[in-house]
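Me: I am new to this structure and would like to go through it slowly, asking at each step what the words rest on.

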Amino acid sequence: LSIWRHGPDRGPAATPESLPNASITHAPMAAPHQHKPGTGTSSCLLCCVLLVVGLLCPIQEPEKPPKTPPPPSLPKPSPLARKAPARDRPLEPRRTPGLPGPTKIALLQRARERATKGAVTLVVAGHAHLELLLNWLVAYERHSSNWVIGCLDTALAAFLQERRIPCVLVPNQSGPLVPGLRLQERARRRGWSEARPRASVWESRMRMVLCLLRASYNVTIADTDAVFLSDASSWLSGFDLVASRGNFPEWCSERWGASLCLGLARFNTGVHVTSLTKHLVERTQSLRDDQRAVNYVLHEANINWVREASDDGAAPLLFATSSSIAAGFTRKATVGLLPHGAFVRDCSVDTRGAVVVHCASASHSADAKREALERASAWALRDDWRDVAAGPDASAYLRGLSRTYTVPLGKILRIYEKKK
């Protein structure tokens, strides 16, 4: 301010009054700003304060914690490195085996085409049992048409396709699979390495049953030698699981008096039935036999049977002398055992009036099963069936395969009395 007023080192500033003889030309200029006394000093103090605060702030700022160095990257395992032993690896969640996509689509399509009141009857066979399968179809076609066939090999599928009989090719029957517990031990003893056993037929059938149950179908399964002589649909309701009677496995006969035979069984749709079937698939996969599996699963579920036998010390169920449905209960499911008089397993007894005949034979060969069915009057296939040409559809072809139906004598008398 002093410099602006007096100039640098020049003493008092010159004014117009101090120059009397000079001619002065006044230039237009703005009047100087009049500062209030004390304003400049306060501004300088404020600047000094801000400067000091700015210098002190970095000093007072807390130090940041040092960054943790990243962990050293582990070297990637070599693709040739060997895996850890199975006992050292973490257990993976167990998945219920299902059906491949194309097989599932084909199965559900056949079920939509053939279902009657939401129910289908599933029969699985291979080319070795072609004659038994045709006999089963001829007898079943006389009263029902809701059958679905699962083919175990391409030879049977080609034969049926030429005769316009729809068939679902069952998967995993030609390629190697991980064998079940019993077959693992057998493979170890026999030294199997590459040519491992094929998938169990019963395991594949139970996979198909589970698929149909999830699609809300009631599923009846039948063996090719379980011949339907009349409609059995009225017997197959009222329980979650309905099955014919058998005597295998042996421990079931000793403990219960009879066992569930899956040569003829019905799975009625429901949440508990689907859960039971899922468990049954897993047990069939390990035991390689669905009948062993279903009885074992029910034993694990602590099934309670309504006593049929009059003797309190005997087993609760009857076998060959049973005449009514036996009821069993678990915590979540109900089970019904069909009477042996209507669903015959032991064909040494009288088979007149039977609904389904499923003869037990000493041998599991197709010839032995045919002889047993012929003795029980349950063979409906004509002898020259190989010479029958394909018809316009499956039903026409099956009618052409049927031989003259022999009506039991008692039914002939009843029909005669009604006409008279």
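Me: Which residue in strand 2 is the bridge partner of Leu122?

Reply: The bridge partner of Leu122 in strand 2 is Val148. Please keep in mind that this is a predicted model, in which local features need pLDDT of at least 70 and side-chain atom pairs count only at pLDDT 80 or more, while totals for chains, interfaces and linings use all residues. Residues are numbered from 1 along each chain as its sequence is written, and side-chain values use heavy atoms, with hydrogens and water left out.

Me: What makes strand 1 and strand 2 a pair?

Reply: Two strands pair if DSSP finds at least two bridges between them, and strands themselves are DSSP runs of E with at least two residues, just as helices are runs of H or I with at least four, both numbered from the N terminus. Strand 1 and strand 2 have five bridges in the parallel sense, so by the rule of at least two bridges they count as paired. Strand 1 (residues 119-125) also pairs with strand 4 (residues 218-222), again in the parallel sense, over four bridges, and there Val120 has Val219 as its bridge partner.

Me: Why are strand 3 and strand 8 said to stand at the edges?

Reply: The open sheet has nine strands in the order 3-2-1-4-7-6-10-9-8, with mixed pairing. Strand 3 (168-169) and strand 8 (304-305) each have a single partner strand, so one side of each is left without a neighbour in the sheet.

Me: Why is strand 1 called mostly covered?

Reply: Buried means under 20% relative accessible area, whereas exposed means over 50% and partly exposed lies in between (1.4 Å probe, protein chains only). Seven of the seven residues of strand 1 are buried, with Ala119, Thr121, Val123 and Ala125 pointing one way and Val120, Leu122 and Val124 the other way.

Me: How do you know that Arg266 has no salt bridge?

Reply: A salt bridge is a side-chain nitrogen of Lys or Arg within 4 Å of a carboxyl oxygen of Asp or Glu, where Lys and Arg count as positive and Asp and Glu as negative, with His and the chain ends not counted. Arg266, which is placed in strand 7, is buried, and its nearest side chain of opposite charge, Asp231, is 7.9 Å away, so the limit of 4 Å is not met.

Me: What polar contact does the side chain of Arg266 make?

Reply: The side chain of Arg266 makes a polar contact with the side chain of Thr220 at 3.4 Å, which fits the definition (a pair of N or O atoms within 3.5 Å; within protein, one must be able to donate a hydrogen and the other to accept it, and residues adjacent in sequence count only if both atoms are side-chain atoms).
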